[in-house]
Amino acid sequence: MNAYPFYPSRKILVLDGAWDFNFIGDAELEQLDPAEFTFHDVMCVPGAFDCSPAYYCKRGIALYRTDFTLEQNAPDALLKLGGLGLRARFWIDGREIGFTNLPYSGVEFKTGKLTAGKHTLCAALDNRFDPEKIKLFLPYYDFYAFGGFYRGVTLHLLPEGCCIDRVQIRTTDYRTGKVNLRFLFRGDVPETLAVQLKFDTENAFRSETLTIQAHSASLELAVPDFKLWSTETPDLHTLEVRTENDHIVESFGIREVKAEKRQILLNGKPVFLKGFNRHESHPEFGPATPEQVMIEDLQNLKALNCNFIRGCHYPQDQRFLDLCDRMGFLVWEESLGWGNTKEQMADPEFIALQEKQTRLMVRNSVNHPSVIIWAFLNEFESGTQEGQTLCRKLVAAIRKEDDSRLVTFACSHVWNDICTALTDIVAYNTYPGWISADAAEEPLSYIRGNRDKIIERFRTYNPPDKPVMVSEMGCCGLYGSHDRAASQWSEEFQAEYLAEVIRQVFASPDLCGLAIWQFNDAKSYLRKGSNIRCKPLAQNLAGVFDQYRRPKLAAETVKKLFAEKK
């Protein structure tokens, strides 16, 4: 399945498949020379090499190689990568074309001129933890840092002259179907440009002349015969744009999201967020989940009466977001971060990388109507000045890229937080009676009191009408573990715990949403990691489905209680 946008007139090479492979382990990524590469194996792209039997859980440098052939000269090309881990260098015919240290981010590199004939693309991927070289993914994060190509690889052969990069489409009036079109160009861009465009299945293209500044131009139009996008009726539109040199098709939805009077409004109507945190993780594929697994996950979520997914804790696959658009899910998308400290947030390189990946996330996903929330830095130290400074910077960066959605982060430092005042929604993570609970009372008895204390705390320094939601709450349950006493780790305990969570969240007029932790069990610490969350099986076992998507008892509990909340 290809993700939007489409470029009908371009020659695009899909480079996915079986690449030559060699795991060389310890080496310096910066000192590698592709002329010295040797290959002894094959590996799937996309795919995580450290999920394969021969290289299971290994950390080090992996070398990849594939060949492609051009029928004619290309004045320039773009190598587009959907996401990888953890950092990588790329060469074409021995000439370096790019480097990335942004795990999960969709990035692209210009190749320069390519002649007709056979070419060789080489890559070196490094999945080792090195605090000086990979600052966005740290070894204590509660999800596994896979090595390999998480998503697909394509080569776009660009036409000469002016090329269409993207058309960003934002709803300006959902009542009348008006949208703002922001055209982004690359290459030899003139001051004015004639374009032809049409929406959906219009019979004919209309002509417009754009005035271009800084490689971009804007236009406001009304979509004819428009339909609103919502969770019940996820109607989508397309925009097709042609120039003399290029051609693009974008998908979008007409809808508005706002935060008012302690509620989230979709198209002017309150919507209560009911859903899960979901990791892109599978025991065979790692983060390179095929479309079949994505669709299965979304079908299971629909069956549980969910309308909301928090994509934790990194930019999402564009194919997955396309599916969420089509199936009517609301999505929270966030850039990569987890429990970052004030020391990390004072590091200029960390700050720059955070802003870079967050801007990329917004640019890549801006046309998805399913995405209603932008977020960042899950559970960072939000009670520090360093955290507040970075939070303010990231909020400003997001609003500059896109001011049509809500902005937040998942707060776990509730009692000293000074950052939620900067966001549109207060969202908090809490695990009463599960993590850090004593044995004084039954675990379920903590949930209501914890809810009330946290809400009271946030209301003391946030505007009284700001919405508040629970972005994480849950507990672990080991698939197949049954106990009449419903002891911890049993499926029975997890079902009882989540039932109480849902009842207490739904009973509070102060809360506008719940994202249960989590949808599926996901790989985490392998040979270290110290606490109750994930020691057995090297997984975080809080999923209501196990790693193979087999339902636990809690799935039926969620289904029943979510159905009661309209």
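A cavity is here a set of grid points where a 1.4 Å probe fits but cannot get out, and its lining residues are those with an atom within 4 Å of a point. In this predicted model, a search of the whole structure finds two cavities of 30 Å³ or more. The points below describe the linings of these cavities, and then the backbone at Tyr-4, Val-45, Tyr-104 and Arg-549.

**The largest cavity**

- The largest cavity has a volume of about 60 Å³, and its lining is made up of Tyr-4, Arg-166, Glu-250, Ser-251, Gln-318, Asp-322, Asp-325, Asn-364, Ser-365, Val-366, Asn-367 and His-368.
- Two or more residues of this lining are given by each of strand 20 (247–252), helix 2 (318–327) and helix 4 (348–365), and helix 2 supplies the largest share, with three residues.
- Sorted by class, the lining of the largest cavity holds six polar, four charged and two nonpolar residues.

**The second largest cavity**

- The second largest cavity, with a volume of about 40 Å³, is lined by Tyr-104, Phe-143, Tyr-144, Phe-146, His-279, Glu-280, Ser-281, Tyr-314, Ala-522 and Lys-523.
- The lining of the second largest cavity comprises six nonpolar residues, together with two polar and two charged ones.

**Cis peptide bonds**

- Most peptide bonds are trans, whereas the bond that joins Tyr-4 and Pro-5 is cis, with omega about 0°; Pro-5 belongs to the segment before strand 1 (11–14), and Tyr-4 is also one of the residues lining the largest cavity.
- A cis peptide bond also leads from Val-45 to Pro-46, with omega near 0°, and Pro-46 is placed in the loop between strand 3 (41–45) and strand 4 (47–48).

**Positive phi outside glycine**

- Most residues other than glycine have a negative phi, but Tyr-104, which is not a glycine, has a positive phi of about 75°.
- Tyr-104 sits in the loop between strand 9 (95–100) and strand 10 (107–110), and the residue counts as buried because its relative accessibility is 2%, where the cut-off for buried is under 20%; Tyr-104 is also among the residues that line the second largest cavity.
- Arg-549, likewise not a glycine, has a positive phi of about 70° and is located in the loop between strand 34 (539–540) and helix 8 (553–564).
- With a relative accessible area of 6%, Arg-549 is therefore buried.

How values were computed:
Residues are numbered from 1 along each chain as its sequence is written. This is a predicted model: local features need pLDDT of at least 70, side-chain atom pairs count only at pLDDT 80 or more; totals for chains, interfaces and linings use all residues. Side-chain values use heavy atoms; hydrogens and water are left out. On a 1 Å grid over the protein atoms alone, a cavity is a set of points where a 1.4 Å probe fits but cannot get out, and a pocket is an open set with protein on both sides within 12 Å along at least five of seven lines; lining residues have an atom within 4 Å of a point. Grid points are joined across faces, edges and corners, and a volume is the space filled by probe spheres set on the points. Helices (H or I, at least four residues) and strands (E, at least two) are DSSP runs, numbered from the N terminus. Ala, Val, Leu, Ile, Met, Phe, Trp, Tyr, Cys and Pro count as nonpolar, Asp, Glu, Lys and Arg as charged, and the others, Gly among them, as polar. Buried means under 20% relative accessible area, exposed over 50%, partly exposed in between (1.4 Å probe, protein chains only).
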